[in-house]
Each structure stands twice: as C-alpha cells, then as structure tokens.
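Student: Please give me a close account of one part of this model, starting from a single strand residue and its surroundings. I would then like to see how that part fits into the chain as a whole.

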Amino acid sequence: MVIILKQNHEQRQLDNLLKWLSELNLKMTLVKGEQSTILGLIGDTSVVDIDMIKAIDIVESVKRIQEPFKAANRKFHPDDTIIDVAGRKIGGGNFTLVAGPCSIESREQILDIAVKVKSCGAAMLRGGAFKPRTSPYAFQGLRAEGLELLHETKKETGLPIVTEIMNVNHIDMFANVDVIQVGARNMQHFELLKELGRLNKPILLKRGLANTIEELLMSAEYIMSGGNKNIILCERGIRTFETYTRNTLDLSAIPLLKELTHLPVVVDPSHSTGISRLVKPMSLAAAAAGADGLIIEVHNDPSHALCDGAQSLTPDAFAELVGSLNNILQAVGKNPVY
C-alpha cells in the first residue's frame, strides 16, 4: 500500500500518522520525490482502514499495490534509485561500464586488463575469484587468492571491484568488495539473499537463466526486505530453444523493468550471447533500450583464457565498443560514467 501525501504537509500530522501506523506493526518507507512524497507500507495492510486514512488532511490518495514485490516497486519509489559506488553513480540517467576477465588467473593478468579497460572508460573492474562451473572438473577460480589480487589491483588502479559470491559462509571475505555480485545460479539462493540484506553494500543481482522478471524482482525484494536497498539488477540472457547463442538476451526486459521498478538495470552481453563478435551489437542495443550500464568480459588473451574466452573481448575491441557507445548514449540522453 502507498499513501501519497499532499504538498507542504505539516510535520506534526505526519508524525501522528507514522505513530498510528507503527502501532499496526507495519514497516514504513518515506520517499520524498521531486513531485510528491510517498509513504510505503509493507506488511499485513488488511488491518488498515483506507477510508480513515483518506480522511486525514495531509493525505492526497491511497493505493493498494497488487504486485507481490513492494520495496522494489516504482509505485513505492517513483524516482530512479541511484547507487553510488566509490563516487561512480549507477542509475538516474548515468551509464556505467563494468569490465574485466571472467576469471582472475594471475596478478599480471588482472592488473594488465584493469589498466587497459580503465583507460578506455570502464568505471569498475569485474573479475571472478569464485567461479560456479557446470563441470566439477573445470577451473573453479583462485578463490581467496583471487580476492586478494582484486584488492591489490584496486589499490594500483583506483577501480572499484565487482565479484561474485557463492556461499553464505564467504560473506566476511567480501567485506572490502565494492559490489557483491549474485550470479544467475544463485538468484534464488534465498538464505544468501537474506544475509546480503543485512549488509550496507551494493549488490548486483543477475537474472536466473530460467527465471521470469517477477521472480528477479522478488529476489531483489528478499535483499531489500532485510534493509539493504542498494540493488543493481542485471539482465544476462535466459535459456530458450535457440542454440546459436549461449543464451537469449531479453532486451524487452530493460524497458519493462524500468517501468516496474526504480532500481537500476545493467546488461551482460557477454554471458547472454557467448560469442565475442555479438557483444558489441548487443551492447549498443542494450544502451538504446534504456540500460543503465553494461558488464562486459575483457581478456588480454582470450584464446588462452581459463574461462569463457569465446565471449571475451580484447582490450582493443573493448575500446572500439566504447567509442561506438558514446554516440548511442548521446542520442538517448545518458551520461557516461568514467
């Protein structure tokens, strides 16, 4: 339920309203937007007498929200949420590039890639320390050593770091990670989502490869219900009957999510296509469709990469992509974040 308040309402009346609603054991979120002030109620709102609320002087209108996701709902929060990551802003008209290798392989590899993607315009560095793989025999990442190499690279380049968590027990190891990524396979790892909700740290939540848009938003709701509102949604392609690409990039999800939620939406064109030559056109299409950023795999030697080399761009190809992106961003009115 949302209560839309009149402009220039008295604070005393608002305090009385908040006190009454708190006695009904409802969680409340007060959002002051550019055009209006909205009070969002979460919980068993069946105990609320709507007619009684409408009769209060400072109340403009009252609406019940039918969708199961509440905190992530744009009706609760009409203005775009902007996530600040070490001064780099995601959402609200900003366009942010996150780039780096699928997997961290060595100190020299991650530092070389970081320096190159930063020079091209990447605002953040991605790199996998813990790698979920379909085969138990495939390279699983450097794990704790990979996290340490990420931290060292951050000190050298100043780039905030984005990396994936796979286990609730690893949360303490991610204390100095700027953005914690929840991968597609863990989108519905609800115990992990609950624990991430206790943190005050940006979470990049990827859509599962067989999940609906509503299920993605409900996973975001798990994190937000715990108190952490710093969520970045990521469309990374879904599994369909098509076999020419690794997954099918659902570009329609971008404008739909922008309608349904106030959370920023980024796109992963690398995992969605699985083919490096398709990354550029899908990146441009995602920007044109209204995405708030891209997370792209870049490797300095893709043919010898230990993980996902076929979908990784070289630093030169990444630089070419950034040059083409600038024209699209200018056309759609987005501000590139460097």
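Tutor: Strands here are DSSP runs of E of at least two residues, and helices are runs of H or I of at least four, both numbered from the N terminus. The model is a predicted one. By that assignment, Gln181 belongs to strand β10, which covers residues 179-182. Its relative accessibility is 4%, and it therefore counts as buried, the cut-off being under 20%. Beyond the residues up to four places away in sequence, Gln181 touches Val162, Thr163, Glu164 and Ile165, and also Leu204, Lys206 and Ile295.

Asn186 follows in the loop between β10 and α5, the latter being residues 190-196. This asparagine has a relative accessible area of 13%, so Asn186 too is buried. With neighbours within four places in sequence left aside, Asn186 is in contact with Glu164, Ile165, Met166, Leu192 and Leu193. Glu164 and Ile165 thus appear in the contacts of Gln181 and again in those of Asn186.

Another contact of Gln181, Ile295, leads to Pro269, which is in contact with Val279, Met282, Ser283, Leu294, Ile295 and Ile296 once its neighbours within four places are set aside. Pro269 sits in helix α8, residues 269-273. Its relative accessible area is 0%, so this proline is buried. Val279 is 10 residues from Pro269 along the chain, and the two C-alpha atoms are separated by 5.3 Å.

Ile296, one of the contacts of Pro269, opens the way to the nonpolar core. The largest such core has 61 residues, and Leu205, Ile231, Leu233, Ile296 and Phe318 are those that touch the most other members. Helix α6, residues 213-225, gives the largest share of this core, with 6 residues. A second core, separate from that one, has 15 residues, among them Ile3, Leu21, Leu26 and Val59. Returning to Phe318, and leaving aside its neighbours within four places in sequence, one finds contacts with Leu97, Ala99, Val117, Cys120 and Ala122, as well as with Ile296, Val298 and Leu313.

Ala319 lies in helix α10, residues 315-332. Its relative accessible area of 33% makes Ala319 partly exposed. The C-alpha atoms of Ala319 and Ser119 are separated by 8.6 Å, although these residues are 200 apart along the chain.

Gly91 offers a further buried position, in the loop between β6 (88-90) and β7 (94-100). Its relative accessibility is 1%, so Gly91 counts as buried. Apart from residues up to four places away in sequence, Gly91 touches Thr81, Ile82, Pro264 and Asp292. Lys131, by comparison, is 40 residues from Gly91 in sequence and 27 Å from it in space, C-alpha to C-alpha.

Two asparagines provide exposed positions. Asn8 lies in the loop between β1 (2-5) and α1 (11-22), and its phi is near 60°, a positive value in a residue other than glycine. Its relative accessible area is 77%, which makes Asn8 exposed. Asn25 lies in the loop between α1 and β2 (27-32); not being a glycine, Asn25 nevertheless has a positive phi of about 60°. With a relative accessible area of 71%, Asn25 is exposed.

These parts belong to a chain with 10 helices and 15 strands. The chain is as compact as a globular protein of its length, because its radius of gyration of 21 Å is close to the 20 Å that the globule rule gives for 338 residues. Its C-alpha trace spans about 70 × 45 × 45 Å along the principal axes. Of the 338 residues, 52% count as buried. Among contacts with a separation of 6 or more, 69% are between residues 24 or more positions apart. The chain exposes about 15,000 Å², of which carbon and sulfur atoms supply 50%. There are 36 positive and 39 negative side chains, with the centres of the two sets 1 Å apart.

Conventions
Residues are numbered from 1 along each chain as its sequence is written. This is a predicted model: local features need pLDDT of at least 70, side-chain atom pairs count only at pLDDT 80 or more; totals for chains, interfaces and linings use all residues. Side-chain values use heavy atoms; hydrogens and water are left out. A nonpolar core is a set of buried Ala, Val, Leu, Ile, Met, Phe, Trp, Tyr and Cys residues joined through side-chain atoms within 4.5 Å. Buried means under 20% relative accessible area, exposed over 50%, partly exposed in between (1.4 Å probe, protein chains only). Contact means heavy atoms within 4.5 Å. The radius of gyration is taken over C-alpha atoms; the globule rule is 2.2 Å times the number of residues to the power 0.38. Accessible areas come from the Shrake-Rupley method with a 1.4 Å probe; for residues, only the protein chains shown count as cover. Lys and Arg count as positive and Asp and Glu as negative; His and the chain ends are not counted. The place of a charge is taken as NZ of Lys, CZ of Arg, CG of Asp or CD of Glu.
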